[in-house]
Amino acid sequence: MSARITPILLTALIGWLMPSAVSHAAEQGRILATGGLLNAEGSGGGGLLPWSTLAGLSTDPGTDWLTGASHVQLDDYALTTVAVAGSWNDRAEWSIARSRLEIDTNPGRLAIEQTIIGGKWRLAGDLIYGKTPQVSVGVQAKFLHDDALARALGAQRDFGLDFYLGASRLILDGPFHRNWLMAANVRASRSNELGFLGFGGDESDDYRLSGEFSTALFLNPNWAIGAEFRHKPDNLNAINESNWWDGFVAWFPNKRVNVALAYVNAGTIAGKNHQDGLYVSVNVDL
Amino acid sequence: MRTGLVLCVLLLVCACAHTEQRSSLYQDLGGEQGVAQMIDEIVLELHADPKLADLFTETDDDYFKERLNEQVCMLTGGGCEYTGLDMPEAHSGMDLSAAQFNDFVEACRRAMTRAGVPVGNQNRLLAILAPMRTDVIHQ
């Protein structure tokens, strides 16, 4: 257990020490919370899915960095991601993440790791201002390090590219005179369970489209509640892959640190039903 | 019985919608006095914010506050006339960045919170000001 939450504690520690260590507040030019978190794949956005917003709070001109750790404890699995991402001129994002899925087996425990390198480019619009929502295109290159289980279940490869087109918008003065974030993506992917079970399968080896949606209600500038839904294609004959959803609370005390807690429902993963549990994410703006 | 209930609900909905329309944001911000108090806090905050203070060192605060009061009054349904420069003129030559505009928004939020303006009314005012961004930055 302690090994699983170490990344979270380390990130929190960095957040604690950061303000005295460095200060370049001039480059955190965006409105509080508009850089979001780093998702389970290391891309800027929510917890389970990326948004079209770029990680950190860079504006033009400027560069900003965000590091984050997240952990989901499900009934038979634990998913931990540690990531660093940067954005330039509120135009481009890059990210690298190391993600680890632990499976409780009887007896013992199996761990599957992957490295994800991400890129995102804002094509048009803005999250808050102007008439066009922020529209971005993104790519995630996923390198699966432990492919034995994936192969055994019928996956075709240990490397995959996910592409997504996303739009997001903060609706100012929406219902209840609150600001609401709406985000949606279309993803083209061959990933099985985000890539932990390889890419492509014996049932389908084609790129398939899936939809991802997120909404958040800002109770005030520092606190948001919301939900996410991530549709996931099913490529393997041997097992069923479920869609994922979550309900979250996010806290943005300042531009340096944010923390999110969520209830995640991941349905069936590799034959194990009713996988749900608690998600925690800590992100620090460098 | 049922028709009566439906009518009753309809009446209530109409009444609510009507009240909502009649209560302007200007009134909800406390009218002349409330808005003036809020703008005093905003100007204080602009001078106190290390990221913004340099922009306001040569500002004539009394003139600036009068124009802000007029502008907020006009935009929020208070029925005033704004007599100042239009936004591109007022910011001409300053070449304000996207970051500085956001800093201004966040300074306004802090000031409004200090002035006791509830979050809902802060959001209403900022939603009215947000479209001015293109006329303010890079001028």
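In chain A, 58% of the contacts with a separation of 6 or more are between residues 24 or more positions apart. The model in which these contacts appear is a predicted one, and the predictor gives the complex an ipTM of 0.88 together with a pTM of 0.89.

Chain A is a good place to begin, and its elements are two helices and 14 strands. The C-alpha trace of this chain spans about 50 × 40 × 35 Å along its principal axes. A compact globule of 286 residues would have a radius of gyration near 19 Å, and because chain A has 18 Å, its value agrees with that expectation. Of the 286 residues in chain A, 49% count as buried.

What lies inside can be approached through the nonpolar residues. In soluble globular proteins, nonpolar side chains tend to be buried together. The largest nonpolar core here has 55 residues, and those touching the most other members are A:Leu38, A:Val72, A:Tyr77, A:Leu79, A:Ala155, A:Leu197 and A:Val264. Strand β4 of chain A, which covers residues 77-88, supplies the largest share of this core, namely six residues. Apart from this core lies another, of 19 residues, which includes B:Met38, B:Ala107, B:Cys108 and B:Val117.

Two residues of chain A show how such contacts are made in detail. Once its neighbours within four places in sequence are left aside, A:Ala155 is in contact with A:Ala150, A:Asn192 and A:Leu236, and also with A:Leu197, A:Gly198, A:Phe199, A:Gly200 and A:Gly201. A:Val82, for its part, has its place in strand β4 of chain A, and it counts as buried because it has 21 C-beta neighbours inside 10 Å, where 20 or more are required. Not counting residues up to four places away in sequence, A:Val82 touches A:Pro7, A:Ala69, A:Ala97 and A:Arg98. The C-alpha atoms of A:Val82 and A:Thr11 are separated by 8.9 Å, although these two residues stand 71 residues apart along the chain.

Turning to chain B, one finds a mean pLDDT of 88, with 84% of the residues reaching 70 or more. A stretch to read with caution is residues 11-20 of chain B, over which pLDDT stays under 50 and for which the model has zero contacts beyond four places in sequence.

Helix α4 of chain B, formed by residues 61-75, has 15 residues and reaches 21 Å from its first C-alpha to its last, close to the 21 Å expected at 1.5 Å a residue. Within this helix B:Gln71, B:Val72 and B:Cys73 are buried, and the cover over the buried residues of α4(B) includes α2 (25-28) and α3 (31-48) of chain B. After α4(B) comes B:Gly77, whose phi is positive, near 85°.

A last residue to visit in chain B is B:Ala115, which is found in the loop between α6 (98-114) and α7 (119-129). Although it belongs to a loop, B:Ala115 is buried, because 20 other C-beta atoms lie within 10 Å, and 20 or more is the condition for that label. Its contacts, leaving aside neighbours within four places in sequence, are with B:Gln37, B:Met38 and B:Glu41; of these, B:Met38 is also among the members of the 19-residue core. Between the C-alpha atoms of B:Ala115 and B:Gln27, which are 88 residues apart along the chain, the separation is 15 Å.

Conventions: Residues are numbered from 1 along each chain as its sequence is written. Chains are lettered from A and ligands numbered from 1 in the order in which they are written. This is a predicted model: local features need pLDDT of at least 70, side-chain atom pairs count only at pLDDT 80 or more; totals for chains, interfaces and linings use all residues. A nonpolar core is a set of buried Ala, Val, Leu, Ile, Met, Phe, Trp, Tyr and Cys residues joined through C-beta atoms within 7 Å. A residue is buried if 20 or more other C-beta atoms lie within 10 Å of its own, exposed if 12 or fewer, and partly exposed in between; C-beta atoms are placed from the backbone. Helices (H or I, at least four residues) and strands (E, at least two) are DSSP runs, numbered from the N terminus. Two residues are in contact if their C-beta atoms, placed from the backbone, lie within 7 Å. pLDDT is the predictor's confidence in each residue, from 0 to 100. The radius of gyration is taken over C-alpha atoms; the globule rule is 2.2 Å times the number of residues to the power 0.38. The expected span of a helix is 1.5 Å times one less than its number of residues.
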